[in-house]
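Me: Please take a close look at one part of this structure. Then connect that part to what lies around it.

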Amino acid sequence: TLSLSAFAKKKLYVGTNAEFPPFEYLENGKPVGFDIDLVEELGKIMDYDIKIVDMAFDGLLPALQMKKVDLVIAGMTETPERTKTVSFTQPYYTASQVIITRKGENGIKSFDDLKGKKVGVMLGFTGDIVVSKIDGVKVERYNAAYAGIMALKANKIDAVVLDSEPAKNFVLQNEGLEIAQTEGAQEEYAIAVRKNDTQLMEQLDNALTEIKSNGKYQELINKYFK
Ligand code: ARG
């Protein structure tokens, strides 16, 4: 007799950190968002069942290395430091770091203005790298973007530095905040896989190319970026 598992699809375990709207966030306790839809679409093309595993952002690459997940999609920027330990697919989104302040406090207009200020960043995010380079800045590290936003609203810090789209999202949902009219250097989001996982890398890259050209990618952009 044929076992049922002969018909079961292969599974791909996908690590994410669902505290980063609109890329990934919880809705009724379930991870949803641009990245989640994107990886579901890639799974369809590659013929895999997608299993989302939600965890702390700084635990994602260790979990990948330890084979607890097969890939990571988390609005994760490809950085020189990260490429030492994992490989990244072709980029799927271009972002930048922006400064969030309380409305009307016009003292902070550029990254230079952060000198001597208390600035909130998130543990392990690229924003931390950007802010830590500024002379005389007082860096406050938070576990998640939401915690930084709350500290800013409570006057505990002067600014938060965060990726552009999540920043817009938090500003829309939290009265009294605004984004300073300045932009940091651009960065590229890509999917991370283990260095030796060349087959998965190739499948993901091909599927990404397909999604970018068949209209699906644009559909997701229109759905999540207002
Ligand atoms: N792009 C930034 C980085 O790579 C922040 C990503 C945070 N993503 C998340 N799902 N919490 O460090």
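Reply: What follows starts at Arg-82 and works outward.

First, the ground rules. This is a predicted model, where local features need pLDDT of at least 70 and side-chain atom pairs count only at pLDDT 80 or more, while totals for chains, interfaces and linings use all residues. Residues are numbered from 1 along each chain as its sequence is written, and side-chain values use heavy atoms, with hydrogens and water left out.

Find Arg-82 in the loop between β6 (71–72) and β7 (86–88). Helices and strands are DSSP runs, numbered from the N terminus: a helix is H or I with at least four residues, a strand is E with at least two.

Is Arg-82 buried or exposed? Arg-82 is buried. Buried means under 20% relative accessible area, exposed means over 50%, and partly exposed is in between (1.4 Å probe, protein chains only). Yet Arg-82 has no salt bridge. A salt bridge needs a side-chain nitrogen of Lys or Arg within 4 Å of a carboxyl oxygen of Asp or Glu. The nearest side chain of opposite charge is Glu-187, 6.5 Å away. Lys and Arg count as positive, Asp and Glu as negative; His and the chain ends are not counted.

What does Arg-82 touch? Leave out residues up to four places away in sequence, and its contacts are Phe-57, Leu-61, Met-76, Thr-77, Phe-88, Gly-124, Phe-125 and Thr-126. Contact means heavy atoms within 4.5 Å.

Pick out Gly-124 from that group. Gly-124 sits in the loop between β9 (118–122) and α3. Gly-124 is partly exposed, at 38% relative accessibility. With the same sequence neighbours left out, Gly-124 touches Phe-57 and Arg-82.

Now turn to the ligand. There are 15 residues around the ligand, and Arg-82 is among those that come nearest, along with Asn-17, Ala-74, Gly-75 and Asp-163. Near means that a heavy atom of the residue lies within 4 Å.

Next come the polar contacts. These are pairs of N or O atoms within 3.5 Å; within protein, one must be able to donate a hydrogen and the other to accept it, and residues adjacent in sequence count only if both atoms are side-chain atoms. A ligand nitrogen is 2.6 Å from an N or O atom in the side chain of Asn-17. A ligand nitrogen is also 2.8 Å from a polar backbone atom of Gly-75. Thr-126, which touches Arg-82, has a polar backbone atom 2.8 Å from a ligand oxygen. The ligand has 340 Å² of accessible area on its own, and the protein covers 100% of that. Accessible areas come from the Shrake-Rupley method with a 1.4 Å probe; for residues, only the protein chains shown count as cover.

Arg-82 lacks a salt bridge, but the structure holds 11 of them. One joins Asp-128 and Arg-141, with the closest N and O atoms 2.7 Å apart. Asp-128 lies in helix α3 (residues 126–132) and Arg-141 in strand β10 (residues 138–142), so this pair ties together parts that are 13 residues apart in sequence. Asp-128 is buried at 10% relative accessible area. Arg-141 is partly exposed at 45%.

Glu-41 and Lys-44 form another salt bridge, at 3.2 Å from N to O. Both residues lie in helix α1, 3 residues apart, about one turn of the helix. Glu-41 is buried at 14% relative accessibility, while Lys-44 is exposed at 57%. Add Lys-216 and Glu-219, and these four are linked in a network of salt bridges.

Asp-47 meets Lys-9 in a salt bridge of 4.0 Å, N to O. This pair links distant parts of the chain, 38 residues apart: Asp-47 is in the loop between α1 (34–46) and β5 (48–54), and Lys-9 is in the segment before β1 (10–16). Both are partly exposed, Asp-47 at 43% and Lys-9 at 39%.

Last, a backbone note. Most residues other than glycine have a negative phi, and most peptide bonds are trans. Asp-47 has a positive phi, near 65°. Lys-67 also has a positive phi, about 60°. Lys-67 lies in the loop between α2 and β6 and is exposed at 62%. Pro-21 and Pro-22 are joined by a cis peptide bond, with omega about 0°.
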